[in-house]
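Me: I would like to learn how to read a protein model, one feature at a time. Please start with whatever I need first.

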Amino acid sequence: MAEERKKRLAIIASKGTLDFAYPPLILVTTAISMDMEAGIFFTFYGLDIINKHKFNSLKVSPLANPAMPVSIPNIIGAIPGMTSMATMMMKSWMNKAHVATIPKLLDMAREGGVRLIGCQTTMNVMGVKREDLIDGVEIGGAATFLDYAMDADVSLFV
């Protein structure tokens, strides 16, 4: 009798802000806790999530963000310092809700065997070097991710 294959989650992370870093990392760490395979393809600004010089200082912008829980008019959101304030607010909310930080979620993902793939093409375009990325990241192109995603039970674009 053949061994049943694990369910697989494949995510594309294309944005490098704090509010866009949490969803793919929470989803993959939840997936591995459910005994699933999981992988994230980091492309364009999503590479900032795995960039060791940036992942610990991701920000969230209040400007033109109608989903912000505190309504901030765009003119106020454009004032210098408002991005820092919005970022501090979000970090505070996440901390109060006992949600792990981005660095902790990345550690959990790596320890749990999540496949982290940095987009080679984006790295070339944006001048990102292998040594800029956290340990445990595989470098690959679209074909690498598509080969992985072809057998996914769930595929998401964030």
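Reply: Let us begin with the labels. Helices (H or I, at least four residues) and strands (E, at least two) are DSSP runs, numbered from the N terminus. What you see is a predicted model, in which local features need pLDDT of at least 70, side-chain atom pairs count only at pLDDT 80 or more, and totals for chains, interfaces and linings use all residues. Residues are numbered from 1 along each chain as its sequence is written, while side-chain values use heavy atoms and leave out hydrogens and water.

Me: How many helices and strands are there in the protein chain, and in what order do the elements run?

Reply: The protein chain has six helices and five strands. Starting at the N terminus, you meet them as β-α-β-α-α-α-β-α-β-α-β.

Me: Which strands pair with which in the sheet?

Reply: The general idea is that two strands pair if DSSP finds at least two bridges between them. Here the five strands form an open sheet with parallel pairing, in the order β4-β3-β2-β1-β5. At the edges are β4 (137–140) and β5 (154–157), each of which pairs on one side only. Neighbouring strands of this sheet are turned by 20° against each other on average, direction ignored; such an angle is taken between N-to-C directions, on a scale from 0 to 180 degrees, using axes that are lines fitted to C-alpha atoms (for helices, over the stretch in contact).

Me: How many bridges join β1 to β2, and which residues stand opposite each other across the sheet?

Reply: Six bridges join β1 (residues 8–13) to β2 (residues 37–42) in parallel, and Ile12 stands opposite Phe41 in β2. Moving along, β2 and β3 are parallel too and pair over four bridges, with Phe42 opposite Gly118 in β3. Four bridges then link β3 to β4, again in parallel. Across that pair, Ile117 stands opposite Glu138, and Gly118 faces Ile139.

Me: Which way does the chain cross from β3 to β4?

Reply: A crossover is called right-handed if, with the strands pointing away from the viewer, the path from the first strand over the helix to the second runs clockwise. From β3, the chain passes through helix α5 (residues 120–126) to β4, and this β-α-β crossover is right-handed.

Me: Is β3 enclosed or open, in terms of how many of its residues are buried?

Reply: Burial is judged by relative accessible area: buried means under 20%, exposed over 50%, and partly exposed in between (1.4 Å probe, protein chains only). In β3 (residues 115–119), four of the five residues are buried, so the strand is largely enclosed by the rest of the structure. Gly118 is one to look at: this residue of β3 has 0% relative accessibility and so counts as buried. For the protein chain as a whole, 39% of the 158 residues are buried.

Me: What is Gly118 in contact with?

Reply: Contact means heavy atoms within 4.5 Å. Leaving aside neighbours within four places in sequence, Gly118 is in contact with Phe42, Leu47, Ile50, Met123, Val137, Glu138, Ile139 and Gly140. Its C-alpha atom is also separated by 9.6 Å from that of Asn51, although the two residues are 67 apart along the chain.

Me: How do I read the sides of a helix, and which residues of α6 are buried?

Reply: An α-helix has 3.6 residues a turn, so residues three or four places apart point the same way. In α6 (residues 142–149), the buried residues are Phe145, Tyr148 and Ala149. They cover an arc of only 95° around the axis, so they sit on the same side of α6; the arc is that of the directions from the helix axis to the C-beta atoms. The buried residues of α6 pack against β1, β2, β3 and β5. Turned away from that side is a face with the exposed residues Ala143, Leu146 and Asp147.

Me: What about the loops: where is Phe44 found, and is His98 buried or exposed?

Reply: Phe44 is found in the loop between β2 and α2 (74–77), and it has a positive phi of about 45° although it is not a glycine. His98, in the loop between α3 (82–96) and α4 (102–111), also is not a glycine and has a positive phi of about 60°. With a relative accessible area of 73%, His98 is exposed. Ser14 lies in the loop between β1 and α1 (18–33) and is buried, at 10%. Among the residues Ser14 touches are Phe44 and Phe157.
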